[in-house]
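Work through the following exercises with the structure open beside you. Try each task before reading its solution.

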Amino acid sequence: MSATPDAGLPCRIVVCRDCCCGTRKIRGVDHAAQTERLREAAPVRVSDCLDVCDQANVVVVQPSAAGRAAGARPVWLGLVNDPAATEDVVSWVREGGPGVAPLPDILGLYVFKPPGRRRPGGS
């Protein structure tokens with residue numbers, strides 16, 4: 001049996017589920033079903049507000065150990081508000097995700113750069 005692309009620590013997924021993401025403010029999305037579907041592909045952590053409410057629903061795909069070794073960084077996806085987008089995320093993660101499998105063109109439409117985080121001391 002050959003090693004899978006995510007041998008070692010797999011990709012991980014963070015879903016924002018707080019003030020906007022994961023609430024009735026985003027209509028027509030079964031948030032619980034979306035989270036469970038993502039859990040079928042990788043471990044999922046549910047986060048409080050990630051401070052990017054204009055991108056609700058936010059899904060962050062963190063690279064696997066192999067992806068990190070290849071220099072990959074987390075990929076932030078916004079407006080993941082329909083089952084087709086969720087399926088695209090699931091497929092990419094199963095292929096290995098950031099640093100292992102190329103980002104599908106369709107998911108490129110969802111990628112955004114998160115706001116910079118302030119460091120202690122004001123820098």
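**Exercise 1. Find how many cavities of 30 Å³ or more the whole structure holds, and describe the lining of the largest cavity.**

Solution. Begin with the search itself: in this predicted model, a search of the whole structure finds 1 cavity of 30 Å³ or more. As a second step, take its volume, since the largest cavity comes to about 30 Å³. Next, list the lining, which consists of Cys16, Cys19, Cys20, Cys21, Cys49, Leu50, Asp51, Val52, Cys53 and Val58. Finally, sort these lining residues by character, and they fall into 9 nonpolar, no polar and 1 charged. The idea behind such a search is that rolling a probe the size of a water molecule over the atoms shows where empty space is left.

**Exercise 2. Work out which strands pair with β1 and with β3, and in which sense.**

Solution. Start from β1, residues 12-16, which pairs with β2, residues 44-47, in the parallel sense over 4 bridges. Within this pairing, cysteine 16 has serine 47 of β2 as its bridge partner. To get from β1 to β2 the chain passes through helix α1, residues 31-39, and this β-α-β crossover is right-handed.

Now turn to β3, residues 59-62, which is joined to β1 by 4 bridges, the two strands running antiparallel. Here valine 15 stands opposite valine 59 of β3. In the last step, follow β3 to β4, residues 75-77, where 3 bridges join the two antiparallel strands. Valine 59 also appears in this pairing, where it stands opposite leucine 77 in β4.

**Exercise 3. Examine the backbone in the loop between β2 and β3: what is the phi of aspartate 51, and what kind of peptide bond joins alanine 56 and asparagine 57?**

Solution. Recall first that most residues other than glycine have a negative phi, and most peptide bonds are trans. Aspartate 51, which lies in this loop, has a positive phi of about 65° although it is not a glycine. Further along, alanine 56 is joined to asparagine 57 by a cis peptide bond, with omega about 0°, and asparagine 57 too is placed in the loop between β2 and β3.

To locate alanine 56 in space, compare it with threonine 23, which sits in the loop between β1 and α1: the two are 33 residues apart in sequence, and their C-alpha atoms are 9.5 Å apart. Once neighbours within four places in sequence are left aside, threonine 23 is in contact with Asp18 and His31.

**Exercise 4. Decide where the coordinates call for caution: over which residues does pLDDT stay under 50?**

Solution. Look first at the chain as a whole, which averages a pLDDT of 89, with 89% of the residues scoring at least 70. Then look at residues 1-6, over which pLDDT stays under 50 and for which the model has 5 contacts beyond four places in sequence. Where pLDDT is low, the predicted coordinates should not be read in detail.

Methods. Residues numbered from 1 in each chain as written. Predicted model: local features only at pLDDT ≥ 70, side-chain atom pairs only at ≥ 80, totals over all residues. Heavy atoms only, no water. Pairing = 2+ DSSP bridges. Right-handed = clockwise from strand over helix to strand, strands pointing away. 1 Å grid on protein atoms, 1.4 Å probe; cavity = no way out; pocket = protein on both sides within 12 Å on 5 of 7 lines; lining within 4 Å. Points joined across faces, edges and corners; volume = space filled by probe spheres on them. Nonpolar A, V, L, I, M, F, W, Y, C, P; charged D, E, K, R; others polar. pLDDT = per-residue confidence, 0-100. Contact = heavy atoms within 4.5 Å.
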